[in-house]
Amino acid sequence: MLKEIEEEFAKLRDRIFAERSAEIIHEQNLVTSNAHPDIQKLFIDLERNRAERIHRAKVTRKYRLQEIIRKYDVEAEIVKRQFLADRGMVRETLIAELTAQWFQIHREKRAMEMCVPGMLLI
């Protein structure tokens, strides 16, 4: 009777071992073929995270590009205004110099016209 129980136990142990080995081999095959449900969940999570990072990167790039364009526009406006101001100052300076030269020429001309020809000043 004890021998029968031992034989039944050994058969049961062998059958459990074989079933467990088959389950492990099946799990291993699922893992190597990327068909395991847990791996599929991980891949889905990874893809979702990747898509979210790409979306955030695109949004960040869009806002950074808008900021760069805005800064460029502001700098271009500042440069334009500074150019116009400098141009106005140069123009005023040139007009003032030309006006001073014009008056100097006319003073010299009047002085020359006031001189009597043929008379020398001693």
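Select Glu 7 first. Glu 7 is partly exposed, at 41% relative accessible area. You are looking at a predicted model. Glu 7 sits in helix H1, which covers residues 2-32. Now add Glu 4, Glu 6 and Glu 8 to the selection. Together with Glu 7, these residues form a negative surface patch.

**Next stop: the loop**

Move on to Asn 34. Where is Asn 34 found? Asn 34 lies in the loop between H1 and H2. Check its backbone: phi is near 60°, a positive value in a residue that is not glycine. Is Asn 34 buried, partly exposed or exposed? Asn 34 counts as partly exposed, because its relative accessibility is 38% and the partly exposed class runs between 20% and 50%.

**Along helix H2: the salt bridges**

Side chains of opposite charge can pair when their charged atoms come close. How many salt bridges does the count give? The count comes to six. Three of them make good stops.

Select Arg 56 and Glu 52. They form a salt bridge, and their closest N and O atoms are 3.4 Å apart. That pair qualifies because the cut-off for a salt bridge is 4 Å. Both residues lie in helix H2, residues 37-114. They are four residues apart, about one turn of the helix. Color the pair by accessibility. Arg 56 is partly exposed, with a relative accessible area of 46%. Glu 52 is partly exposed too, at 38%.

Now select Arg 70 and Glu 67. Their side chains meet in a salt bridge, with 2.6 Å from N to O. Both belong to helix H2. Here the spacing is three residues, again about one turn of the helix. Arg 70 counts as partly exposed at 44% relative accessibility. Its partner Glu 67 is partly exposed at 32%.

Go on to Arg 81 and Glu 77. What separates their closest N and O atoms? The distance is 2.9 Å, and the two residues form a salt bridge. Arg 81 and Glu 77 are about one helical turn apart, because they stand four residues apart in helix H2. Compare the two partners. Arg 81 counts as exposed, at 57% relative accessibility. Glu 77 counts as partly exposed, at 34%. The two labels differ because exposed means over 50%.

**A tyrosine and a long line**

Select Tyr 72, also in helix H2. Is Tyr 72 buried or exposed? Tyr 72 counts as exposed, at 58% relative accessibility. Now draw a line from the C-alpha of Tyr 72 to the C-alpha of Asp 14. The line spans 78 Å. Along the chain, the two residues are 58 residues apart.

**Last stop: the aromatic pair**

A pair of aromatic rings is described by the distance of the centres and the angle of the planes. How many aromatic pairs does the structure hold? The structure holds one. Select Trp 102 and Phe 103 to see this edge-to-face pair. The ring centres are 5.1 Å apart, and the planes meet at 75°. The pair is called edge-to-face because an angle over 60 degrees earns that name. Turn on the surface to finish. Trp 102 is partly exposed, with a relative accessible area of 47%. Phe 103 is partly exposed as well, with 43%.

Methods:
Residues numbered from 1 in each chain as written. Predicted model: local features only at pLDDT ≥ 70, side-chain atom pairs only at ≥ 80, totals over all residues. Heavy atoms only, no water. Patch = residues over 30% accessible without salt bridge, like charges linked within 9 Å, V, L, I, M, F, W, Y side chains within 5 Å. Areas by Shrake-Rupley, 256 points an atom, 1.4 Å probe, with all protein chains shown as cover. Lys, Arg positive; Asp, Glu negative; His and termini not counted. Charge placed at Lys NZ, Arg CZ, Asp CG, Glu CD. Helix = DSSP H or I, 4+ residues; strand = E, 2+ residues; numbered from the N terminus. Buried < 20%, exposed > 50% of the residue type's maximum accessible area, 1.4 Å probe, protein only. Phe/Tyr/Trp six-rings, centres within 6.5 Å; stacked < 30°, edge-to-face > 60°.
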